[in-house]
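This report describes how parts of one protein chain pack together. Look at the sequence and the model first, then read on.

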Amino acid sequence: MADINELNEAIILCGGKGTRLKEVVNDVPKPLAPIDGIPFLSILMKYLKAQGIRRVILATGYMHEKIENLYGNCYEGMEIVYSVEQNPLGTGGAIAKALRKVMNENVLVLNGDSVIKFQLNEIKKQSDEIKKQFSEIKNHSLLILKPMERVERYGAVKTFENRVTAFEEKSFKEQCLINTGVYILNKDTFSDKAENEVFSFEKDFLEKEVEKGSLFGMECKGFFIDIGVPEDYAAAQNHLIKQLNQ
């Protein structure tokens with residue numbers, strides 16, 4: 001019998017249209033944008049497999065058929081499951097829909113257009129320690145944060161003793177923590193949401209959960225890249241695979 005406390009499932013958000021990248025990639029959904037001839041999503045999933053992920057839920061929408069035709073129900077020995085948005089549900093709605101397919105207690109959630117080098121065992125250890133220390137919180141969420149310098153493209157995340165205390169809008173900062181878009185969520189996080197409800201994960205969930213004290217942050221200094229804009233997509237061509245394999 002499978003251990004429901006194991007962290008071996010991941011939800012990857014693959015449903016966006018990738019509007020900012022359309023000038024360089026327009027014939028495939030953004031997660032399939034080629035890096036050195038290899039779809040970004042393939043690189044990400046291969047990395048997740050090396051970290052111990054055995055089951056992947058692809059939350060798809062735009063051009064979802066191309067993703068399904070490429071991967072089918074298995075990739076590199078990992079089971080592939082699809083959660084397809086027939087109409088855009090927002091980031092929150094997409095995650096809520098995909099959570100209905102999660103089998104274990106907790107799941108790793110990632111964006112399909114960015115990656116940070118991390119150690120999954122360390123993330124799970126941190127999540128388990130938070131659960132023990134704050135047992136009164138029914139469903140805590142863990143955000144993977146990265147220290148950055150001279151930041152303008154991303155909003156900042158404020159923390160105190162590993163608890164997220166505020167999200168700040170995008171503006172130039174010499175130093176700050178950014179949200180990498182990687183989370184540990186409980187499968188029941190959105191059990192109160194109606195099926196196919198449209199909402200924003202960032203605005204309608206994260207920012208409101210700050211007040212409840214249920215959001216925690218874990219700093220990760222590993223290599224990070226987001227291919228969502230042309231300049232970073234170009235940069236990924238040169239060193240993404242090398243960085244992940246070091």
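Helices α1 and α6 are roughly parallel to each other, because their axes cross at roughly 10 degrees and angles under 35 degrees count as roughly parallel. The model is a predicted one. Helix α6 spans residues 230–245, and its axis comes within 11 Å of that of α1. Where the two helices meet, F40, I43 and Y47 of α1 face L240, I241 and L244 of α6.

**The nonpolar cores**

Helix α1, residues 40–51, gives 7 residues to the largest nonpolar core, the most of any contributor. This core has 57 residues. The members that touch the most other members are I12, M45, L58, L108, F118 and L240. A second core of 27 residues is separate from it, and its members include V81, V107, V109 and L206.

L108 shows what such packing looks like for a single residue. Leaving out residues up to four places away in sequence, L108 touches several others, among them L7, I11, L48, I53, F118, L120, V182 and I184. The list of contacts also includes E9, A10 and Y183.

**Strand β7 and its partners**

Strand β7 covers residues 106–111, and 5 of its 6 residues are buried. How does β7 pair with β1 and with β12, in the parallel or the antiparallel sense? With β1 the pairing is parallel, over 4 bridges. With β12, which runs over residues 173–186, the pairing is antiparallel, also over 4 bridges. V109 in β7 is the bridge partner of I11. On the β12 side, V109 has Y183 as its bridge partner.

**Helix α2**

Which residues of α2, the helix of residues 64–71, are buried? They are H64, I67 and Y71. These residues lie on the same side of α2, because they cover an arc of only 65 degrees around the axis. An α-helix has 3.6 residues a turn, so residues three or four places apart point the same way. The cover over the buried residues of α2 includes helix α1 and the strands β1 (9–14), β3 (38–39), β4 (55–60), β5 (74–75) and β6 (78–84). After α2 comes G72, which has a positive phi, near 60 degrees.

**Three single residues**

The table sets out how accessible three residues are, by relative accessible area.

| Residue | Relative accessible area | Class |
|---|---|---|
| S83 | 2% | buried |
| L177 | 12% | buried |
| N196 | 41% | partly exposed |

S83 is in strand β6. It counts as buried because its relative accessibility is 2%, and buried means under 20%. Apart from residues up to four places away in sequence, S83 touches I57, L58, A59, T60, K97, A98 and K101.

L177 belongs to strand β12. Its contacts beyond four places in sequence are L145, K146, P147, G155, A156, V157, T159 and E219. K125 is 52 residues from L177 in sequence, and the two C-alpha atoms are 21 Å apart in space.

N196 sits in the loop between β12 and α5 (201–212). With residues up to four places away in sequence not counted, N196 touches L89 and K97. N196 and K138 are 58 residues apart along the chain, and 23 Å separates their C-alpha atoms.

Key
Residues are numbered from 1 along each chain as its sequence is written. This is a predicted model: local features need pLDDT of at least 70, side-chain atom pairs count only at pLDDT 80 or more; totals for chains, interfaces and linings use all residues. Side-chain values use heavy atoms; hydrogens and water are left out. A nonpolar core is a set of buried Ala, Val, Leu, Ile, Met, Phe, Trp, Tyr and Cys residues joined through side-chain atoms within 4.5 Å. Buried means under 20% relative accessible area, exposed over 50%, partly exposed in between (1.4 Å probe, protein chains only). Contact means heavy atoms within 4.5 Å. The arc is that of the directions from the helix axis to the C-beta atoms. Two strands pair if DSSP finds at least two bridges between them. Axes are lines fitted to C-alpha atoms, for helices over the stretch in contact, and angles run from 0 to 180 degrees between N-to-C directions.
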